[in-house]
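Me: I'm in my first year and still learning to read structures like this one. Could you take one part and walk me through it closely?

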Amino acid sequence: MIALAYLHPHIDWLEGQGIDCSEWLSTYDIARQDLINQKKLIPALTMLEYLHEFKIMAKDPAMSFKVGSNANPRNWGLITPLLMNSPTIGQAIMYAVDYEHLFNSAVTTHFEMDTQWVTCDLQGGDLPIDLLSSMVEQDIASTVNMLRFLMDKKHQQHPWVKEVNFQHGPPGDIEDYEDFFMAPVIFNCPHNRIIFDIKALDLPIRFADSEVLQSSLEQVDQLAALAENDNLKKCLSRYIIVALPEGLPNISQAAAHIGISTSTLKRRLQDENTNYKNLCTHIRRRQAQNLLQDLNNSLLDVALKLGYTDQPAFYRAFKSWHQCTPKAFREKLFN
């Protein structure tokens with residue numbers, strides 16, 4: 001499912017080109033006020049079909065790329081305050097990934113890092129590649145635009161991107177793409193992917209305010225709680241969070257808790273594009289971020305509440321997530 005508000009910047013762009021979308025909205029019984037309602041969701045395939053129709057209306061196969069490359073903070077919706085008040089670019093990216101399910105559960109984002117590069121893959125499951133092209137072009141372009149917006153002026157024109165890959169074919173001339181990304185853009189690839197310099201993660205955000213961040217986190221967490229349903233990952237997450245202080249439960253314990261076999265749990269998690277190890281890592285990372293917001297928690301307290309047997313084990317895990325120690329993360333957050 002995807003928030004109907006995803007259409008908003010596309011409608012704005014079309015009407016900015018002199019294309020009246022009133023008749024189109026009426027045809028699909030979409031009220032203009034629904035375009036700013038991030039809680040109203042529609043099926044992913046329906047959204048992709050709408051975006052395809054927009055390309056035809058615009059007579060421009062690169063429309064979604066242009067929409068993304070002109071994105072502004074209001075397009076980020078519920079998570080705008082989190083992104084703008086995170087201490088670093090890396091933390092903003094983590095929040096964007098943690099809460100992406102609130103407005104887009106159809107496309108999932110996966111990160112891998114080495115000592116030099118961050119690889120960000122957008123995975124759309126079984127969604128048709130040609131239709132998915134609109135969404136991934138908009139998402140990747142808007143992500144780069146977001147990162148540049150959050151950076152100070154000194155860093156905005158630095159070529160942080162190494163390479164951009166798209167699964168679909170080229171829309172025609174790709175010069176505009178390469179000028180915007182300041183990097184090679186390759187089509188007909190196995191992945192929808194952007195690779196960028198890991199040093200960007202440590203850049204401070206020019207707007208960051210720790211008090212606003214804390215209040216925004218509370219508000220978004222409340223919205224996330226309201227949006228939660230009883231799907232498998234949510235049930236598991238609640239169980240794991242409660243169990244963590246006694247130690248990370250293994251997959252057999254988790255399966256027994258929700259009343260299914262271990263093999264069934266593995267299969268169902270695979271159907272949701274994850275596995276038990278990755279889910280536990282995601283939960284621990286998110287809980288670590290939340291616990292470090294509270295200065296009443298010592299670093300040892302945080303380690304134990306996350307189910308680690310000692311502080312060094314927590315430090316090693318945290319550094320693999322954020323490329324800094326918990327202490328350094330907390331100092332960035334409050335200083």
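Reply: Let's start with one pair of facing residues: L122 stands opposite N192 in strand 7. Keep in mind as you look that this is a predicted model. The two strands meeting here are strand 4 and strand 7, which pair in the antiparallel sense over six bridges.

Strand 7 has another partner as well. Strand 5, residues 161-165, pairs with strand 7 in the antiparallel sense over four bridges. If you look for N165, you will find that N165 stands opposite R193 in strand 7.

How enclosed is strand 7? Six of the six residues of strand 7 are buried, so strand 7 is largely enclosed by the rest of the structure. A residue counts as buried when its relative accessible area is under 20%.

Now stay with R193 and follow its side chain. The side chains of R193 and D121 meet in a salt bridge, at 2.6 Å from N to O. This pair links distant parts of the chain, with R193 in strand 7 (residues 192-197) and D121 in strand 4 (residues 117-123), 72 residues apart. R193 is buried, and D121 is buried too. Strand 4 and strand 7 are therefore connected through a salt bridge between side chains as well as through their antiparallel pairing, and a side-chain contact of this kind counts as a salt bridge because the nitrogen lies within 4 Å of the carboxyl oxygen.

That contact has company, since the count comes to four salt bridges. Another one joins the side chains of R285 and D98, at 2.8 Å from N to O. R285 lies in helix 14 (residues 276-292) and D98 in helix 6 (residues 89-98), so this pair ties together parts that are 187 residues apart in sequence. Both R285 and D98 are buried. Helix 6 itself is mostly covered, with 10 of its 10 residues buried; among them are I89, Y95 and D98.

A further salt bridge is worth a look for its mixed setting. The side chains of D60 and K66 meet at 2.7 Å, N to O. D60 is buried, because its relative accessible area is 14%, whereas K66 is partly exposed, because its relative accessible area is 27%.

To finish, turn to the surface. D173, E175, D176, E178 and D179 gather there in a patch of negative charge. One of these residues, D176, lies in helix 9, residues 175-181. With 47% relative accessibility, D176 counts as partly exposed.

Note on methods. Residues numbered from 1 in each chain as written. Predicted model: local features only at pLDDT ≥ 70, side-chain atom pairs only at ≥ 80, totals over all residues. Heavy atoms only, no water. Patch = residues over 30% accessible without salt bridge, like charges linked within 9 Å, V, L, I, M, F, W, Y side chains within 5 Å. Areas by Shrake-Rupley, 256 points an atom, 1.4 Å probe, with all protein chains shown as cover. Lys, Arg positive; Asp, Glu negative; His and termini not counted. Charge placed at Lys NZ, Arg CZ, Asp CG, Glu CD. Buried < 20%, exposed > 50% of the residue type's maximum accessible area, 1.4 Å probe, protein only. Pairing = 2+ DSSP bridges.
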